[in-house]
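Visitor: I should like a close look at a single part of this model. Please describe how its strands are paired and covered, and what is found in the loop on the way.

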Amino acid sequence: MPIEKIIVLEDDMIIRKHLEQQLRNRRYDVAAVASIAAAQELLSKDTFDLIFVDVSLPDGEGTDLLKELQTRPVRPLAVVNPYA
């Protein structure tokens with residue numbers, strides 16, 4: 001499965017913007033958000049191939065979102081940032 005569409009879920013604006021720009025420079029379709037709620041909204045409207053997840057977010061733990069993703073028929077690959 002090729003990776004084309006990516007979500008960057010990171011509450012630190014500098015990290016989020018930098019990662020988003022690096023991925024866009026490599027021609028990926030990127031949606032960058034700062035909260036679990038915003039990521040859930042994106043996931044309810046479209047499918048994504050990869051999600052970068054920060055563990056500690058303003059509205060919860062990124063691992064909770066990963067648990068939710070396990071119930072979906074089509075799940076994106078996940079990369080977790082445990083150092084937030």
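Guide: The following account takes the strands in turn, with the loop in between.

The model is a predicted one. Strand S1 comprises residues 5–9, and its pairing with S2 is parallel, extending over five bridges. Within that pairing, Leu9 has Val33 of S2 as its bridge partner. Together with helix H1, the strands S1 and S2 form a β-α-β unit that is right-handed.

The loop that leads from helix H1 (13–25) to strand S2 (29–33) contains Arg27. The backbone of Arg27 has a phi near 70 degrees, which is positive although the residue is not glycine. For residues other than glycine, phi is negative in most cases. Arg27 counts as exposed because its relative accessibility is 77%, and the cut-off for that class is over 50%.

S1 also pairs with S3: the two run parallel and are joined by four bridges. Leu9 takes part here as well, with Val53 as its bridge partner in S3. Leu9 thus has a partner in S2, namely Val33, and one in S3, namely Val53.

Strand S3 spans residues 50–54, and five of its five residues are buried. The cover extends to both faces of S3: one side carries Leu50, Phe52 and Asp54, the other Ile51 and Val53, and all of these are buried. S3 is further joined to strand S6 (residues 77–81) by five bridges, again in the parallel sense. In that pairing, Phe52 is placed opposite Val79 of S6.

Key. Residues are numbered from 1 along each chain as its sequence is written. This is a predicted model: local features need pLDDT of at least 70, side-chain atom pairs count only at pLDDT 80 or more; totals for chains, interfaces and linings use all residues. Side-chain values use heavy atoms; hydrogens and water are left out. Buried means under 20% relative accessible area, exposed over 50%, partly exposed in between (1.4 Å probe, protein chains only). Two strands pair if DSSP finds at least two bridges between them. A crossover is right-handed if, with the strands pointing away from the viewer, the path from the first strand over the helix to the second runs clockwise.
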